[in-house]
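Me: I'd like a close look at one part of this model, please: the main pocket and what surrounds it. Walk me through it in one go, and feel free to wander into the neighbouring topics.

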Amino acid sequence: MNEFLDCGQIVNTYGIHGEVRIVPWADSPEFLCQFSTLYVGGTAMAAASSRVHKGSVIVKLAGVDTVEQAMVLKGQTVQIRRADAKLPQGSFFLADIIGLGVLNENGQKLGVLREVLSPSRQQVYVVAGEREILIPAVPEFILETNIADGYIKVRLIEGM
């Protein structure tokens with residue numbers, strides 16, 4: 001497992017004091033606000049302040065005090081240290097399930113989880129095998145996610 005996880009991208013500056021606007025790649029923008037250290041371009045940067053604004057996260061990074069300094073960071077991927085993240089029991093990072101084998105209820109391999117789509121509030125797993133299968137990530141279809149043993153067990157219905 002990677003020590004660092006991609007969690008968003010700096011898409012622009014915000015205001016005149018060197019703040020940056022980050023589009024979060026997490027379940028909620030509030031998740032990103034809990035970190036006091038963010039990693040930008042592999043460099044640890046202290047988050048002096050952060051807040052949610054219109055679905056984005058506005059962050060004041062220590063040492064970035066002007067619009068010009070913030071502009072240099074535009075387009076950079078923001079990471080967090082995995083060890084710094086506190087997830088609720090039973091939760092996991094999507095990065096940890098990409099590449100897992102996907103099995104049906106009988107244990108037959110259907111393929112590998114290639115991608116997780118988030119077209120709306122509902123995530124959809126894209127399974128690459130003999131054919132591509134799209135599976136809504138809801139308890140009716142996702143029976144078990146076992147990261148330690150490297151598989152996801154699913155229930156399919158006709159037409160999937």
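Reply: Let's start with the space itself: the largest pocket holds about 1,000 Å³. Keep in mind that this is a predicted model. The lining of the largest pocket counts 35 residues, and those nearest its centre are Asp27, Phe92, Phe93, Leu94 and Gln123.

Where does the lining come from in terms of strands? At least two residues each come from β1, from β8 (109-117) and from β11 (142-146). Of the elements, β1 contributes the most, giving 4 residues to the lining of the largest pocket.

For context, the protein chain has 2 helices and 12 strands. Reading from the N terminus, the order is β-β-α-β-β-β-α-β-β-β-β-β-β-β. The C-alpha trace spans about 60 × 30 × 25 Å along its principal axes, and of the 160 residues in the protein chain, 37% are buried.

Since β1 gives the most to that lining, let's stay with this strand for a bit. Strand β1 covers residues 4-14, and Val11 is in it. Val11 also belongs to a nonpolar surface patch, together with Val23 and Trp25, and the three share about 240 Å² of accessible area. Val11 has a relative accessibility of 30%, so it counts as partly exposed.

Now for the aromatics, where β1 turns up again. The ring-pairing rule gives 2 aromatic pairs. One of them joins Phe4 and Tyr39: the ring centres are 4.7 Å apart and the planes sit at 65 degrees, and because an angle over 60 counts as edge-to-face, that is the label this pair gets. The pair ties together distant parts of the chain, with Phe4 in strand β1 and Tyr39 in strand β3 (residues 37-40), 35 residues apart.

Are the two partners buried or exposed to some degree? Phe4 has a relative accessible area of 28%, which makes it partly exposed. Tyr39, at 12%, is buried, because the cut-off for that class is under 20%.

The other aromatic pair is Phe31 with Phe35, also edge-to-face, at 5.3 Å centre to centre with 70 degrees between the planes. Both Phe31 and Phe35 are buried.

To pull the β1 thread together: this strand supplies 4 residues of the pocket lining, holds Val11 of the nonpolar patch, and carries Phe4, the partner of Tyr39 in strand β3.

Methods. Residues are numbered from 1 along each chain as its sequence is written. This is a predicted model: local features need pLDDT of at least 70, side-chain atom pairs count only at pLDDT 80 or more; totals for chains, interfaces and linings use all residues. Side-chain values use heavy atoms; hydrogens and water are left out. Patches are made of residues with over 30% relative accessible area and no salt bridge: like charges are joined within 9 Å, nonpolar side chains (Val, Leu, Ile, Met, Phe, Trp, Tyr) within 5 Å. Accessible areas come from the Shrake-Rupley method with a 1.4 Å probe; for residues, only the protein chains shown count as cover. A salt bridge is a side-chain nitrogen of Lys or Arg within 4 Å of a carboxyl oxygen of Asp or Glu. Buried means under 20% relative accessible area, exposed over 50%, partly exposed in between (1.4 Å probe, protein chains only). Rings of Phe, Tyr and Trp (its six-membered ring) pair if their centres lie within 6.5 Å; planes under 30 degrees apart count as stacked, over 60 as edge-to-face and the rest as tilted. On a 1 Å grid over the protein atoms alone, a cavity is a set of points where a 1.4 Å probe fits but cannot get out, and a pocket is an open set with protein on both sides within 12 Å along at least five of seven lines; lining residues have an atom within 4 Å of a point. Grid points are joined across faces, edges and corners, and a volume is the space filled by probe spheres set on the points.
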